[in-house]
Amino acid sequence: MNEQIELPSYLEQSPEVAARFQRIQARPEVLKVANMGRVFDSNKGPVQALNDINFSVRRREFVCVIGQSGCGKSTLIRILAGLDQPTSGQVLCDGEPVTGPGKDRGMVFQGYTLFPWLTVKQNVMFGPAMEGRKGQAAESEALQWIEMVGLEKFAESYPSELSGGMKQRVAIARAMANQPRILLMDEPFGALDAQTRAQMQQHLLQIWRAVDATILFITHDLDEAVLLADRILVLGANPSRVQEVIEVPVPRPRTLDQCLSPSFLATKKRLEELIHPQTERKASFKIPRLVAADDDVL
Ligand SMILES: Nc1ncnc2c1ncn2[C@@H]1O[C@H](COP(=O)(O)OP(=O)(O)OP(=O)(O)O)[C@@H](O)[C@H]1O
Ligand SMILES: [Mg+2]
């Protein structure tokens with residue numbers, strides 16, 4: 001039994017999926033990145049982290065960014081958040097140039113970034129409170145977000161009393177409480193175990209479906225990208241630029257069962273070809289042998 005299953009092309013779309021992409025195309029652009037580059041000065045000389053990056057994200061679109069470690073994913077998302085500045089080109093959010101952090105762009109990082117001295121509710125209310133929105137109305141709005149991420153029983157708990165997945169759910173609620181135009185997520189589930197991660201992915205898809213949110217999500221995990229995204233932006237390395245933009249042909253709503261569907265596997269195969277080209281997959285490391293040759297485990 002060594003049958004090769006013939007996969008369809010990842011470019012093949014069912015009429016429903018093609019129609020969905022047409023609807024997305026008709027929506028306004030929330031984010032536009034034009035000819036953007038970032039050069040860092042280092043003691044070894046200039047490092048070109050990003051070079052001539054061009055793409056846009058439409059309202060309520062879910063875009064994933066993948067690429068090898070060090071290819072510039074975090075640099076890209078930090079620039080989109082306004083935490084760093086490009087050295088060339090520009091970023092527009094709703095047509096306005098991004099010059100610094102703003103409440104139109106929410107950010108969720110891999111590490112847990114909640115304020116440990118504030119309760120879940122206080123963490124979620126932090127952004128609106130900074131805007132001067134306090135009192136009963138702001139509190140009930142915060143509770144709505146806490147309910148949306150399924151943590152209503154933990155509103156008065158402190159972050160130290162929560163699991164990793166629960167902390168990330170609070171981080172999502174806190175970002176969403178500012179009602180951002182776009183949610184920027186840098187490997188938000190990277191530190192979670194596989195089962196919690198799968199639950200968080202489903203949870204995020206449900207939230208995304210229920211609210212007016214546009215999401216740009218960075219991940220190392222090819223399955224995660226195919227499961228979540230409308231489009232996947234593949235960043236190449238040296239120099240880092242947009243290598244390919246893939247329209248994911250897997251129909252929505254998405255569930256874990258689809259991970260074995262032909263369109264899912266075809267997309268994942270294409271991502272593997274782009275991220276780990278054949279030459280690299282065959283390359284082997286030279287490892288010094290520390291046991292006798294006749295003591296082989298194979
Ligand atoms: N502040 C900095 N100064 C100098 N070089 C930097 C700086 N920040 C990032 N770089 C360089 O820019 C490149 C891109 O880094 P970045 O963190 O964006 O990669 P990444 O794709 O997010 O990697 P990973 O998948 O490991 O998180 C790397 O070569 C890194 O060394
Ligand atoms: Mg990174």
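Two strands pair if DSSP finds at least two bridges between them, and strands (E, at least two residues) and helices (H or I, at least four) are DSSP runs, numbered from the N terminus. The tour concerns a predicted model, in which local features need pLDDT of at least 70, side-chain atom pairs count only at pLDDT 80 or more, and totals for chains, interfaces and linings use all residues. Residues are numbered from 1 along each chain as its sequence is written, while chains are lettered from A and ligands numbered from 1 in the order in which they are written.

Select first β9 and strand β10 (residues 242-247), which run antiparallel and are joined by five bridges. Within this pair, Leu233 has Val245 in β10 as its bridge partner. The hairpin of β9 and β10 has six residues between the strands, and there Asn238 takes a positive phi near 50 degrees.

Next, add strand β3 (residues 62-67), which runs parallel to β9 and is joined to β9 by five bridges. Here Cys64 has Ile232 of β9 as its bridge partner.

Now colour β9 (residues 231-235) alone: four of its five residues are buried, so the strand is largely enclosed by the rest of the structure. A residue is buried if 20 or more other C-beta atoms, placed from the backbone, lie within 10 Å of its own.

Finally, select ligand 1 and the residues surrounding it, among them Phe40, Val47, Gly72 and Lys73. Two or more residues of this shell come from each of β1 (29-42), β2 (45-58) and α2 (73-81). The largest share, three residues, comes from α2.

Technical notes:
A residue is near a molecule or strand if its C-beta atom, placed from the backbone, lies within 6 Å of it. A residue is buried if 20 or more other C-beta atoms lie within 10 Å of its own, exposed if 12 or fewer, and partly exposed in between; C-beta atoms are placed from the backbone.
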